[in-house]
Amino acid sequence: MATYEDLSPYSYYPGQEDALNVGWLGNASPFTQGEVDEGVLSRIAWLCLNEPVVQTRGLHGCEFCPYEEDVECYLLVEGAKPHLLGSNEIRVPGDGVTYASPSLVLHYLVDHGYQPPEEFLLAAERLPNRLPEGWKVRRLPWEQVKLLHKQPDVNRE
C-alpha cells in the first residue's frame, strides 16, 4: 500500500485532492502509538461499514502483521456480513478540511495502537453515527469468512 505522512496533501486517487492523508501506514515508516477513545473507534468503524469511498478492485493487507495466505482484516458486526478492510477508503470531515484514510486504518487503530493526529481524532469524535457495542476487527481466513456469510463459495473480488 502507498504510504503518506499524516496531514500531507492527499494524492492517491484523482479528484480527491482537497483532502489530507491520515493513516496511510507502511512497515518502512514509524508511527505514533497511543490509546484512542472507544467512541472514536466506533465512529470510524461505522464509516468503514456504512460510508466507504474509492472502492478498488485490489486489496491491501497489513504490512505489520505476519503474512498468512488468504488471511485478511474484517470488521465484524453482529447481524451483518463481515466487511473486508483494505479495499476502499473513508472520509472524515473536519473544520474546513476532509481527512482521507484507507479503511485499514481501523485495523491499525485497534490492533497496532496507531495514534492519528489530534485534529483527526477531534473530527472523528464529532461524527454523528457509531456502531453498537460488540463490533470487532479480526484477521480471518477466507474459509472462515465464507462460513460467516453462510453462502456458497464466491469470487473474492
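Helix H1 covers residues 38-50, and helix H2 covers residues 105-112. In this predicted model, their axes come within 10 Å and cross at roughly 150°. Angles over 145 degrees count as roughly antiparallel, so H1 is roughly antiparallel to H2. The crossing of H1 past H2 is left-handed.

Now look at the side of H1 that touches H2. H1 contributes Leu41, Ile44, Ala45 and Cys48. Across from them, H2 offers Val105, Leu106, Leu109 and Val110. By class, this contact holds eight nonpolar residues, no polar ones and no charged ones.

H1 has another helix to follow. Helix H3 spans residues 118-125. The axes of H1 and H3 lie 9 Å apart, and the two helices pack at an angle of about 75°. An angle from 65 to 115 degrees counts as roughly perpendicular, so that is how H1 sits relative to H3.

Which residues of H1 meet H3? They are Val40, Arg43 and Ile44. Their partners in H3 are Phe120, Leu121, Ala124 and Glu125. Ile44 of H1 thus appears in the contact with H2 and again in the contact with H3. The class make-up of the H1 and H3 contact is five nonpolar residues, no polar ones and two charged ones. Arg and Glu count as charged, so Arg43 in H1 and Glu125 in H3 are the charged pair of entries in this list.

Next, turn from helix packing to empty space. Rolling a probe the size of a water molecule over the atoms shows where empty space is left. How many cavities of 30 Å³ or more does the count give? It comes to one. The volume of this largest cavity is about 80 Å³. Its lining is made of 11 residues. Closest to the cavity centre are Tyr12, His60, Ser87, Asn88 and Glu89. By class, the lining divides into five nonpolar, five polar and one charged. Glu counts as charged, so Glu89 is the one charged residue of that lining.

The second largest pocket is an open space, with a volume of about 180 Å³. A total of 14 residues line this pocket. Glu5, Asp6, Leu25, Pro30 and Phe31 lie nearest its centre. The pocket lining has eight nonpolar, four polar and two charged residues. Asp and Glu both count as charged, so Glu5 and Asp6 are the two charged residues here. Leu, Pro and Phe count as nonpolar, so Leu25, Pro30 and Phe31 belong among the eight nonpolar residues of the lining.

Note on methods
Residues are numbered from 1 along each chain as its sequence is written. This is a predicted model: local features need pLDDT of at least 70, side-chain atom pairs count only at pLDDT 80 or more; totals for chains, interfaces and linings use all residues. Side-chain values use heavy atoms; hydrogens and water are left out. On a 1 Å grid over the protein atoms alone, a cavity is a set of points where a 1.4 Å probe fits but cannot get out, and a pocket is an open set with protein on both sides within 12 Å along at least five of seven lines; lining residues have an atom within 4 Å of a point. Grid points are joined across faces, edges and corners, and a volume is the space filled by probe spheres set on the points. Axes are lines fitted to C-alpha atoms, for helices over the stretch in contact, and angles run from 0 to 180 degrees between N-to-C directions. Helices (H or I, at least four residues) and strands (E, at least two) are DSSP runs, numbered from the N terminus. Angles under 35 degrees count as roughly parallel, over 145 as roughly antiparallel, 65 to 115 as roughly perpendicular and the rest as oblique. A crossing is left-handed if the near helix is turned anticlockwise from the far one by less than a right angle, and right-handed if clockwise. Contact means heavy atoms within 4.5 Å.
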